[in-house]
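Here is a short report on one protein chain. Look over the sequence and the fold before you read on.

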Amino acid sequence: MNSKIWLSSPHMGGGEQKYVNEAFDANWVAPLGPNVDGFEKDLETFLNEDVKVAALSAGTAALHLALIECDVKHGDEVICQSMTFSASANPIAYCGATPVFIDSEKDTWNMCPVALKEAIEDRASKGKKPKAIIVVHLYGMPAKMTEILEIADKYDIPVIEDAAEALGSTYNGKTCGTFGRFGILSFNGNKIITTSGGGALVCHNQEDKDKAVFLSTQARDNAPHYQHSHIGYNYRMSNIVAGIGRGQMEVLKDRVEARRKMHDFYVELFKNIDGVEVFSEPSEEYFSNHWLSAIVVDEKVTGKTREGLRLALLEDNIESRPLWKPMHLQPVFADAPYYGKKVAEELFDNGLCLPSGSNLSDNDRERIEKRIKDFFS
Ligand SMILES: *Cc1c(COP(=O)(O)O)cnc(C)c1O
């Protein structure tokens, strides 16, 4: 059997161990320390928008804290893009609130501004104005932020940007994660850079960041004994994990470039295969990190399905994966309201994510190309 080609696997840069060793040498083996501070600074510099970043244990934890800071409480409603990973929506349930799911639009596969407006007006007319809007930059593709922010401003609803997949992406030259009242990042094992597991909350002022740090370290009041006036969480990033993050930040730009080259490889590969569309930026305003390269297979034109391709790749030990199954189709969210048509559903039926790692070799690409060309010939 040929060796496994993964969809997206960790890609260390070489500098990580230096920071981890420093943490060991100084005995900073705790959920605070110089690497945590350094990693936050590195992220703030990279995002380049005068933001304050809190390093946390996961992107999911960052979303949970963002919702708490937006005052989301039991019985509230929160708008969320339907086509996404479940971690975008689960924190709404942690708060005892109800998600209201929104369809995608065809250009970016992200939240449809038309369905968003319809949802806000309909929920408000039922006496429940949504408390927050969670918009996702799927696979690194920036959402239609101009339209979405305009609607959010009009109805005065805070936007939380799930940029877990979009570190290094920009829209109109501005980095993803810095548009909303809050942004969240993830450094899980399969993301564009990884700390093995981790996340961050992007804030726009020191007060919001301080509150996130306070809540993420068990909400301890200022007293010599352990005194608590709030429910706290254990969500802070450890100094060991942050050391990996500092090393990864040294190579982030290279990782973005390598992922974008994988996207170019698929554009070239599918150029002469009718009925397959490679997911690409709709215009110059969008710059995707192309965390995952994805395609949509038109069965009517190709006579083939995405599931057929997935199985053909698997025969040569090549991993691929259907697009995210929309949240409004998930059993666990069956009762949640949904606004839109069937854009997300059709993408799910016909879309496939292909191997996209920054560490794939020429030999890996040859194997992928051969399987795909054989499949469609
Ligand atoms: C990975 C991911 C998350 C969750 O991040 P974790 O760090 O794994 O908790 C949230 N949203 C999206 C869209 C993701 O891809």
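How many helices and how many strands does the protein chain have? The answer is 13 helices and 15 strands. Keep in mind that this is a predicted model.

**The whole chain**

Start with the overall dimensions. Along its principal axes, the C-alpha trace spans about 70 × 60 × 35 Å. The radius of gyration is 21 Å. That agrees with a compact globule, because a globule of 377 residues would have a radius of gyration near 21 Å.

Next, look at the contacts. Take those between residues at least 6 apart in sequence: 73% of them join residues at least 24 apart. Burial can be counted too. Of the 377 residues, 56% are buried.

Now turn to the surface. The chain exposes about 16200 Å². Carbon and sulfur atoms supply 49% of that area. As for charge, the chain carries 41 positive and 55 negative side chains. The centres of these two sets lie 2 Å apart.

**Two residues compared**

Two positions show how residues can be placed in this fold. The table sets them side by side.

| Residue | Place | Relative accessibility |
|---|---|---|
| Lys191 | loop between strand E8 (182–186) and strand E9 (199–203) | 10%, buried |
| Asp210 | helix H7 (residues 206–216) | 41%, partly exposed |

**Lys191**

What does the UniProt record say about Lys191? An unreviewed entry annotates Lys191 as "active site". The unreviewed entry also gives Lys191 the annotation "modified residue: N6-(pyridoxal phosphate)lysine".

Is Lys191 buried or exposed? Lys191 counts as buried, because its relative accessibility is 10% and the cut-off for buried is under 20%. Which residues does Lys191 touch, leaving aside those up to four places away in sequence? They are Ala164, Glu165, Ser186, Arg259 and Trp291.

**Asp210**

Asp210 sits in helix H7. Asp210 counts as partly exposed, because its relative accessibility of 41% falls between the 20% limit for buried and the 50% limit for exposed.

How far apart in space are Asp210 and Ile102? From C-alpha to C-alpha, the distance is 32 Å. Along the sequence, Asp210 and Ile102 are 108 residues apart.

Methods:
Residues numbered from 1 in each chain as written. Predicted model: local features only at pLDDT ≥ 70, side-chain atom pairs only at ≥ 80, totals over all residues. Heavy atoms only, no water. Helix = DSSP H or I, 4+ residues; strand = E, 2+ residues; numbered from the N terminus. Rg over C-alpha atoms; globule rule 2.2 N^0.38 Å. Buried < 20%, exposed > 50% of the residue type's maximum accessible area, 1.4 Å probe, protein only. Contact = heavy atoms within 4.5 Å. Areas by Shrake-Rupley, 256 points an atom, 1.4 Å probe, with all protein chains shown as cover. Lys, Arg positive; Asp, Glu negative; His and termini not counted. Charge placed at Lys NZ, Arg CZ, Asp CG, Glu CD. UniProt positions renumbered as here; feature names shortened; annotations may be inferred.
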